[in-house]
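User: I am new to this structure and want to know how its labels are justified. Please set each value against its cut-off.

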Amino acid sequence: MVLRPSGDIALQQRDLLVVSTLLMLLIIIPVMALTAFFAWKYRQSNKAADYRPDWDHSTQLELVIWAAPLLIIICLGALTWMGTHLLDPYRPLDRLAREQPLTKSEPPLEVEVVALDWKWLFIYPQYGVATVNELAAPLDRAIDFRITSSAVMNSFYIPALAGQIYAMPGMQTKLHAVINKPGTFEGFSANYSGAGFSGMRFAFLGLSNADFDKWIGEAKASGGNLQRADYLELERPSENVPVQRFGSVEPALFSAILNMCVEPGKMCMAEMASIDAQGGLGLEGVNNVLPRALAYDKYTRRGAVFGPEPTFVAGICTIEELEAAKAPSLARIGVPDLSPLTGAGLTPPAYTTIRAPSMSLIDALRPTNS
């Protein structure tokens, strides 16, 4: 499939590989041929060969020896520079095929890819469906992949479509590609990720627009529902998983997977980064989060057999979020009695408790513009 691609990006990568090989052969083949020729011509039994023991320099020969490799290196460098920029997986497509520029009439197909142990989850946010170990795309339509992993680094690779790109937990990589020929192509992980790695394969379907719409309709009719709780079950390690389809998907699921906060009440990495960017919680505020809760270790994922039990972080709410939630069952809050002391021999001010929340307390906590 690498040398017989079905997508324009893979075709350009194939051409780059072929041209680079031919350029290198311009040096390799003459050198190999001359090596054999010199060994034959200057063999010991050939008495007619020239014998020049005092020869040590030839300007013409030096020019050939140095100029030819230099020119080829310049050509290879130019090809590499252009290929690195034009075939950058993060670069949006500017064409669908040779002589077929990209049109703005049809938006790209968005696919969110999650590498699990040991299976692939594909989410179609534009259609509200998801599949496991099956990926489909219409012909001659740009595809925008957003790729991440649940716990272990993997590599998303469809040789007929485009080059491989890594899937890493807590990070998002991108890939832009297009499929131009119909068919069923193989996709897999090109990075070893554990016991079930060999079965981490999926089918990629290149379909006409009508067939793709039919495929989407079948996925919607499957009746499956992928919510956060369903994902946590799906995320558990399993091998050789058959194709699954989900007719509905929680809209923010991929963002929660990327931020490693699918579990209810767990602080998202984006929120942690925002706190760090503002200087952190400080010594006083560090006790406001659950103990050992900021450690996002790969062994704390669901279904792991190594490492400590999973830990959690409680999200930090704003006043606006409290108002929206109405917070009917907040913990009791202790506040000191701030009445002034008068006289001698009085007992120290006691702490009284009030129930929360009350709208007056929320209004009192709200920052003012003054």
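User: Why does Arg14 count as partly exposed?

Analyst: This is a predicted model. Arg14 has 22% relative accessibility. Partly exposed covers the range between under 20%, which is buried, and over 50%, which is exposed. The value for Arg14 falls in that range, so Arg14 counts as partly exposed.

User: What makes the contact of Arg14 and Asp15 a salt bridge?

Analyst: Their side chains meet at 3.0 Å, N to O. A salt bridge needs a side-chain nitrogen of Lys or Arg within 4 Å of a carboxyl oxygen of Asp or Glu, so the pair qualifies. Asp15 is partly exposed, at 23% relative accessibility. Arg14, Asp15 and Arg98 are linked in a network of salt bridges, and the whole structure holds 11 salt bridges.

User: How do you know that Arg245 and Glu134 form a salt bridge, and which parts of the chain does the pair link?

Analyst: The distance is 2.9 Å, N to O, and the cut-off is within 4 Å, so this is a salt bridge. The pair links distant parts of the chain, with Arg245 in strand E14 (residues 244–246) and Glu134 in strand E6 (residues 134–138), 111 residues apart.

User: Is Glu134 called buried or exposed, and why?

Analyst: Glu134 has a relative accessible area of 11%. Buried means under 20%, so Glu134 is buried. Its partner Arg245 has 25% and is therefore partly exposed.

User: What makes Glu186 and Arg201 a salt bridge, and where do they lie?

Analyst: Their side chains meet at 2.7 Å, N to O, and that satisfies the limit of within 4 Å, so the name applies. Glu186 is in strand E11 (residues 183–189) and Arg201 in strand E12 (residues 201–207), 15 residues apart. Glu186 has 44% relative accessibility and Arg201 has 41%. Partly exposed runs up to 50%, so both residues get that label.

User: Which strands form the open sheet, and what makes E6 an edge strand?

Analyst: The sheet has 5 strands in the order E6-E12-E11-E8-E9, with mixed pairing. E6 and strand E9 (162–167) are the edge strands, as each pairs on one side only. The twist averages 20° from one strand to the next.

User: How do you know that E6 and E12 are paired?

Analyst: E6 and E12 are joined by 5 bridges and run parallel. Pairing requires at least two bridges, so these strands pair. Ala136 stands opposite Leu205 in E12. Helix H3 (residues 209–220) packs on the sheet, touching E6 and E12, and its direction makes about 140° with that of E6.

User: Why is Glu99 called exposed, and what is its phi?

Analyst: Glu99 has a relative accessible area of 81%. Exposed means over 50%, so the label holds. Its phi is near 60°, a positive value in a residue other than glycine. Glu99 is found in the loop between strand E1 (95–97) and strand E2 (100–101).

User: Why does Asn240 count as exposed?

Analyst: Asn240 has 58% relative accessibility, and the cut-off is over 50%, so Asn240 counts as exposed. Asn240 lies in the loop between helix H4 (228–234) and E14. Its phi is positive, about 50°, although Asn240 is not a glycine.

Conventions: Residues are numbered from 1 along each chain as its sequence is written. This is a predicted model: local features need pLDDT of at least 70, side-chain atom pairs count only at pLDDT 80 or more; totals for chains, interfaces and linings use all residues. Side-chain values use heavy atoms; hydrogens and water are left out. Buried means under 20% relative accessible area, exposed over 50%, partly exposed in between (1.4 Å probe, protein chains only). Helices (H or I, at least four residues) and strands (E, at least two) are DSSP runs, numbered from the N terminus. Axes are lines fitted to C-alpha atoms, for helices over the stretch in contact, and angles run from 0 to 180 degrees between N-to-C directions. Contact means heavy atoms within 4.5 Å.
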